[in-house]
Every structure is written in structure tokens, then in C-alpha cells.
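Biologist: I would like to learn how to read the features of a model like this one, going from charged pairs to the ligand and then to the sheets. Could we begin with the charged side chains?

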Amino acid sequence: MQEDIKKIESQALGEINNAKDYRRLDELRIKYLGRKSQINQLFSKIPQLTQEERAGLGRRLNSLKEAVSKAIEDKMKDFTAKDKAIDVTLPADEIYFGRKHILSAVSERICNIFEKIGFVVVEGTETEDEWHNFSALNIPLEHPSREAFDTFYLDISARNSKSGKYLLRSHTSPSQIRVMEKTKPPFAVISPGRVYRPDKVDASHSFMFHQVEGFCVDEGIKFSHLKGVLLHFAKNFFGNDVSLRFRPHFFPFTEPSAEVDISCMICKGAGCSVCSRKGWLEILGCGMIHPNVLKACRINPSKYSGFAFGMGVERITMLKYGINDIRLFYENDIRFLTQFYE
Ligand code: DAH
């Protein structure tokens with residue numbers, strides 16, 4: 001009997017101590033102090049015992065009952081104190097919702113603007129070969145213009161002599177070749193993605209960044225189409241009062257080629273520190289697709305013509321939001337990232 005009492009006591013106190021809420025505590029009160037409890041059953045055995053045994057057991061059972069009641073009471077006080085510690089007048093914890101990274105949001109926004117005027121999104125591949133990244137884009141092997149597109153080469157042997165070596169694409173222009181090899185004109189395509197260059201990382205360079213490439217091929221496509229499309233984009237992206245300036249430039253894959261500037265949105269063209277007092281900010285490169293590029297993709301340049309353009313997502317995001325260090329995009333500091341809604 002003494003053994004039973006000890007067992008019940010340690011079990012009851014243990015369970016009460018582990019109780020997580022009022023409900024559980026009430027269950028335990030019924031289990032140990034209720035009419036059908038083991039303790040009560042032991043009480044009912046008292047009349048069968050001898051006089052001395054009765055007194056000892058009675059006292060022992062009473063003190064067990066008391067210990068269990070007290071443990072329940074203490075635990076109850078514990079719960080009540082904890083309830084009081086919750087100050088319901090305090091403001092709720094802030095809930096943070098995830099959101100798109102600013103670079104993804106801006107890429108999507110750029111693509112949407114072009115999609116609305118009939119462009120179709122096609123993503124290229126990040127691993128490329130020399131044919132798509134260079135040769136087909138009229139950048140011949142050993143030509144000095146390749147140096148302008150410093151490249152990470154991959155340590156994988158070439159598929160065939162035409163493909164050349166494998167590499168991480170250094171621009172999104174190979175998307176032009178991927179589409180033109182497979183699709184008959186007319187088409188208008190917008191192609192976003194990552195590009196890689198072995199540049200030393202600093203405030204304006206990163207070994208990986210993002211570009212969006214656009215191109216359109218049909219009969220009778222002219223430079224004026226390119227101008228109209230880019231002006232439409234710039235007004236939608238930067239605001240209606242933006243002006244564009246086309247400066248003659250050289251790219252191997254376009255002829256004629258141009259670099260495009262927008263009027264500085266800080267000083268509205270008057271000249272300030274952001275635009276280095278020029279009043280203009282460069283946003284992209286573009287031109288009429290070189291006949292050699294069309295030929296490389298078996299598109300007849302005497303029948304078809306096209307325009308192409310390519311822009312850096314980081315660059316135009318930095319211009320739009322006045323961000324002065326490209327590294328901020330990749331550090332994933334939540335204080336930086338949560339500032340942007342696109
Ligand atoms: N691929 C060029 C670069 O990475 C950008 C570019 C310039 C793309 C002119 C074009 C273009 O499609 O026509 O610097």
C-alpha cells in the first residue's frame with residue numbers, strides 16, 4: 001500500500017507539473033481527486049484494516065490528497081500569472097510579407113511594358129557556346145571586339161567546331177541567335193536574364209548582373225520603329241516627361257548602332273552630380289540587326305530587317321531609384337530590399 005501511495009504521488013506531481021493548460025489541469029484534478037480516483041479507492045479500503053494500520057494510512061492518504069491539491073493550485077496560479085503577463089493593449093508584432101527582389105520586379109516590369117505592345121518573352125540559356133555568344137553575332141574569333149566582352153569560359157570540351165568553347169554568356173544578345181535559328185520572321189521578342197563577366201567587383205561592377213534584350217524582325221523594319229518602341233518604353237518606365245537621345249556608337253551585331261540616353265530625371269536635363277553635369281544618362285545600346293547576323297541564322301537580309309537593343313537591369317534600377325552601389329542588390333540586407341515596391 002505504501003508503495004502504491006508513493007507511485008501515485010510521484011506520477012500525479014509529475015503530470016501536474018507538465019500540464020500545459022487549464023484544461024489538462026482540470027483533467028488531472030478529476031483523475032487524482034475525483035470520486036473514482038485511485039486515492040479515493042485507497043480510502044475505501046481503510047475499514048478492512050486493523051486499528052493501527054488505519055490511522056497510519058489515513059494520515060498518509062490525507063497528506064497525499066493535500067499535496068496533489070496544492071500542486072494543482074500552484075500550477076493554476078502559475079497560469080494566471082502568465083496570462084496577466086500578456087498585455088493585450090500592446091501593438092501586435094509586425095508581420096513581414098515576402099516580396100519580389102527589386103531586380104526581378106524591374107525585369108518583369110520591363111518585359112510587361114514590351115509585352116503590352118506585342119513582344120513575346122523568350123528566355124535564353126546562361127551557359128552558351130562561342131557561336132551564339134560571339135560568332136553568330138558578327139564578333140569573329142580573334143577579333144579585338146571580343147575583348148570588350150570578357151568572358152568566363154567553362155572547362156567542358158566543345159560539342160563541335162562550329163559551337164566552339166562553352167562559356168557563361170557575357171550578354172543576353174545570344175538570345176537573338178537562339179530565336180532566329182528556330183523561328184521564321186516576323187517576330188518581336190523580349191529576353192531577360194543573368195549574364196556573367198570576370199569584372200572586379202566594385203560600386204558599379206559585378207561578375208554577374210542582369211540584362212534585358214529586345215529584338216524585332218520583319219519586312220520593312222526601320223530605325224524609326226526602334227525609336228518609337230524605345231520612346232514608348234522610356235515614357236512608361238521613367239515617366240511621361242522623359243526625353244531620349246540617340247548617340248552613334250559601334251556594336252558588331254548592329255549597323256547602324258546607337259547608345260541611348262534619357263534626360264536626367266534628377267535635374268531634368270539642367271546638369272547635376274548624378275549625370276556628371278551632362279543632363280543625360282546612358283540606359284542602353286541598340287541598332288539595326290547587322291545583315292551578317294541575319295545571314296548566320298539563315299534569314300535573308302535582302303527581304304528582312306530588324307532592330308535590337310540591350311539594357312542592364314541593375315543600371316536602370318540604380319538610375320530610377322538613386323542607388324549608388326551595385327553590391328547592395330546582392331547582399332540581401334532586408335533594410336535595403338524592403339524599401340522598394342515595383
Ligand atoms: N549586348 C550589348 C552589351 O552587353 C548590349 C546591346 C547593344 C545589345 C546593342 C543589343 C544591341 O541588342 O543592339 O553591351
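Modeller: This is a predicted model, and we can begin with one charged pair: Glu9 forms a salt bridge with Arg60, with 3.3 Å between the closest N and O atoms. Glu9 belongs to helix α1 (residues 2-18) and Arg60 to helix α4 (residues 51-85), so the pair ties together parts that are 51 residues apart in sequence. Arg60 is partly exposed, its relative accessible area being 23%.

Biologist: How many salt bridges does the structure hold, and which residues are linked in a network of them?

Modeller: The general idea is that side chains of opposite charge can pair when their charged atoms come close. The structure holds 16 salt bridges, and a network of them links Glu15, Arg24, Glu27 and Lys31. Within that network, Arg24 forms a salt bridge with Glu15, for which the closest N and O atoms are 3.8 Å apart; Arg24 itself counts as partly exposed, at 31% relative accessibility.

Biologist: What about Asp325 and Arg327: is each of them buried or partly exposed?

Modeller: Asp325 and Arg327 form a salt bridge whose closest N and O atoms are 2.9 Å apart. Asp325 counts as buried because its relative accessibility is 18% and the cut-off for buried is under 20%, whereas Arg327, at 32%, counts as partly exposed.

Biologist: Which residues form a nonpolar patch on the surface?

Modeller: The patch consists of Phe152, Val201 and Phe207, which together have about 250 Å² of accessible area. Val201 is located in the loop between β5 (187-196) and β6 (208-218), and with a relative accessibility of 40% Val201 counts as partly exposed.

Biologist: Turning to the ligand, how many residues surround it, and which are the closest?

Modeller: The ligand is surrounded by 16 residues, of which the closest are His171, Ser173, Arg197, Gln211 and Glu213. For polar contacts one looks at the individual atoms: a polar side-chain atom of His171 lies 2.9 Å from a nitrogen atom of the ligand, while a polar side-chain atom of Gln211 lies 3.0 Å from an oxygen atom of the ligand. In the side chain of Gln176, an N or O atom is 3.2 Å from a ligand oxygen atom. Taken alone, the ligand exposes 360 Å², and the protein buries 92% of that.

Biologist: How should I read the sheets, and in what order do the three strands of the open sheet stand?

Modeller: In a regular strand the side chains alternate between the two faces of the sheet. The three strands here form an open sheet in the order β2-β4-β3, with antiparallel pairing. The edges are taken by β2 (127-129) and β3 (152-153), each with a single partner strand, so one side of each is left without a neighbour in the sheet. Strand β4 (residues 166-168) pairs with β3 in the antiparallel sense over two bridges, and Tyr153 stands opposite Leu167 in β4.

Biologist: Which strands pair with β6, and how many of the residues of β6 are buried?

Modeller: β5 and β6 run antiparallel and are joined by ten bridges, with Cys216 in β6 as the bridge partner of Ala188. β6 also pairs in the antiparallel sense with strand β10 (residues 305-312), over eight bridges, and Asp218 stands opposite Ser305 in β10. As for cover, β6 is mostly covered, since ten of its eleven residues are buried.

How values were computed: Residues are numbered from 1 along each chain as its sequence is written. This is a predicted model: local features need pLDDT of at least 70, side-chain atom pairs count only at pLDDT 80 or more; totals for chains, interfaces and linings use all residues. Side-chain values use heavy atoms; hydrogens and water are left out. A salt bridge is a side-chain nitrogen of Lys or Arg within 4 Å of a carboxyl oxygen of Asp or Glu. Helices (H or I, at least four residues) and strands (E, at least two) are DSSP runs, numbered from the N terminus. Buried means under 20% relative accessible area, exposed over 50%, partly exposed in between (1.4 Å probe, protein chains only). Patches are made of residues with over 30% relative accessible area and no salt bridge: like charges are joined within 9 Å, nonpolar side chains (Val, Leu, Ile, Met, Phe, Trp, Tyr) within 5 Å. Accessible areas come from the Shrake-Rupley method with a 1.4 Å probe; for residues, only the protein chains shown count as cover. A residue is near a molecule or strand if one of its heavy atoms lies within 4 Å of it. A polar contact is a pair of N or O atoms within 3.5 Å; within protein, one must be able to donate a hydrogen and the other to accept it, and residues adjacent in sequence count only if both atoms are side-chain atoms. Two strands pair if DSSP finds at least two bridges between them.
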